[in-house]
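Good morning. I have one structure to go through today, and I will start with a pair of side chains. Please have the sequence and the model open.

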Amino acid sequence: MGVREVFEVIYSPVKAFKRIIEKPDFKGVLLILALVILSMVVVEYVAASKFFLETRTPDDENWTESTTFWASNGNLSLDNVSYEVGNCSVKSFVSGDTSIWMKIADIEFIDCSEDTGYKELFFWINWVHENGSFPNSGATLRLFSGGESDFFERSLTDSISSSGKWGNATLKIGADQGWDSTNSPDWKNVTGLEFRLVWPAPANLTMNIDGLYFRKYVSALETGAFGGAIIPILISAAVSFSMNWILWAGILLMIAKVFREEVGPWTVFFVIIGYVFIVTAVHTMVGAVSLSTLPALNLPLADGTYVSFGETLNPYMAYHVWLYLPLVGEVWIAVLCATAIRVLRETTWGKAASISLVAFIIRLILRLFGI
């Protein structure tokens, strides 16, 4: 079946290629295909356990694109002049009062429990005091649980900017995250929230809220998405292997013709190039092992779409190294292809290396175009 030659290509390619020339066998290539598919499933499984996708409630800007959900002690309106995300923010204005508050009540319960619930509350807040005075008498956020008499509360002093400037906050929510509780609130049953700013003396006050949502990060293993993607992964791996095999073999044949070099019987050459792709299985498995050692990575949303993978990886140099493993594999494939040409025709190493190098460059260009 050529099992010996499959693995011998890795550590002793000259000897392996000589054996394959004597007895070319497509069964060895089929074994390599199976190993490549297996390695792709493994690396996708590890990736699914490492990359966490942001999940939001609400999943759009619904809460801050309408006044429907809100109540306030002031006049509510939509502000399409001062906002941070979407098309507007929710605004409240009170005249001659010591406090301003805005709240959402009676929303569908939100699970913020430690095991499966949302872990963060994200929002933008902007306030204006007619004299620019900071709300030293109180700046709080409440999360209601059932009725408004049961709530969690924490200070917003560190989350707001100066008068007239937007402040952005990401607050950890759940048990042991610094929230005070009144009566009997339950983190599994958050049903509303309230922003409240208080001053010692009456004044004209304004508050804007934008980009408000609960969020958590969930892996594809938790959602079951990985299980549903198994068949597409298998098909993708098989198609990718076949295309890469055909392209490398075809490009090498074409370049060999340009160099006025024959590679012998086409079927033998095609089989030998197929054996080269044991490298794909090896570097993919190395990638899976290296990925398993890296920290989990959260992939956030921006304007409703996921931030680019490369942008997310910027702080994580270890992930950048991991991404270059396929390129290392392609270089290894090029070296083995040069070796195969050398063994097939006993041509010079210089000519064999030149043919393989040109083929590698062409293959790299094709990859840049997604081929």
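Which residue forms a salt bridge with Glu54, the closest N and O atoms being 3.6 Å apart? That residue is Arg215. By salt bridge I mean a side-chain nitrogen of Lys or Arg within 4 Å of a carboxyl oxygen of Asp or Glu. Arg215 lies in strand β10, residues 192–219, and Glu54 in strand β1, residues 51–57, so the pair ties together parts that are 161 residues apart in sequence.

Before going on, some conventions. This is a predicted model, in which local features need pLDDT of at least 70, side-chain atom pairs count only at pLDDT 80 or more, and totals for chains, interfaces and linings use all residues. Residues are numbered from 1 along each chain as its sequence is written, and side-chain values use heavy atoms, with hydrogens and water left out. Helices (H or I, at least four residues) and strands (E, at least two) are DSSP runs, numbered from the N terminus.

Back to the charged residues. Glu54 has a second partner in Arg56, and there the closest N and O atoms are 2.9 Å apart. How accessible are these side chains? I call a residue buried under 20% relative accessible area, exposed over 50%, and partly exposed in between, using a 1.4 Å probe and protein chains only. Glu54 is buried at 3% relative accessibility, Arg56 is buried at 11%, and Arg215 is buried at 12%. These three belong to a network of salt bridges that links Glu54, Arg56, Glu120, Lys172 and Arg215.

The whole structure has 10 salt bridges. Another one of them joins Arg367 to Glu330, with the closest N and O atoms 3.2 Å apart. This pair also links distant parts of the chain, 37 residues apart: Arg367 is in helix α12, residues 349–368, and Glu330 is in helix α11, residues 325–345. Here the two ends differ in class, as Arg367 is partly exposed at 36% relative accessibility, whereas Glu330 is buried at 8%.

Now the overall picture. The protein has 12 helices and 13 strands. Its radius of gyration, taken over C-alpha atoms, is 31 Å, well over the 21 Å that the globule rule gives for 371 residues, so the protein is more spread out than a compact globule. The rule is 2.2 Å times the number of residues to the power 0.38. Along the principal axes, the C-alpha atoms fill a box of roughly 95 × 40 × 30 Å. Buried residues make up 47% of the 371. Contact here means heavy atoms within 4.5 Å. Among contacts with a separation of 6 or more, 77% are between residues 24 or more positions apart.

Next, the helices. Helix α1, residues 3–11, packs on helix α3, residues 26–50, at an angle of about 60°, with the axes 8 Å apart. The axes are lines fitted to C-alpha atoms, for helices over the stretch in contact, and angles run from 0 to 180 degrees between N-to-C directions. On the α1 side the contact is made by Val3, Val6 and Phe7, and on the α3 side by Gly28, Leu31, Ile32 and Leu35.

Helix α7, residues 266–276, is mostly covered, with nine of its 11 residues buried. Among the buried ones are Phe269, Phe270 and Tyr275. What covers them includes α1, α2, α3, α6, α8 and α11. Tyr275 itself has a relative accessible area of 1% and is buried. To give a sense of scale, the C-alpha atoms of Tyr275 and Cys112 are separated by 52 Å, and the two residues are 163 residues apart along the chain.

Last, the backbone. Most residues other than glycine have a negative phi, and most peptide bonds are trans. Where are the exceptions? A cis peptide bond joins Thr57 and Pro58, with omega about -5°, and Pro58 is in the loop between β1 and β2. Asp176 has a positive phi, near 65°, and is found in the loop between β8 and β9. Arg260 also has a positive phi, near 55°, and is in the loop between α6 and α7. Asp176 is exposed at 79% relative accessible area, and Arg260 is exposed at 77%.
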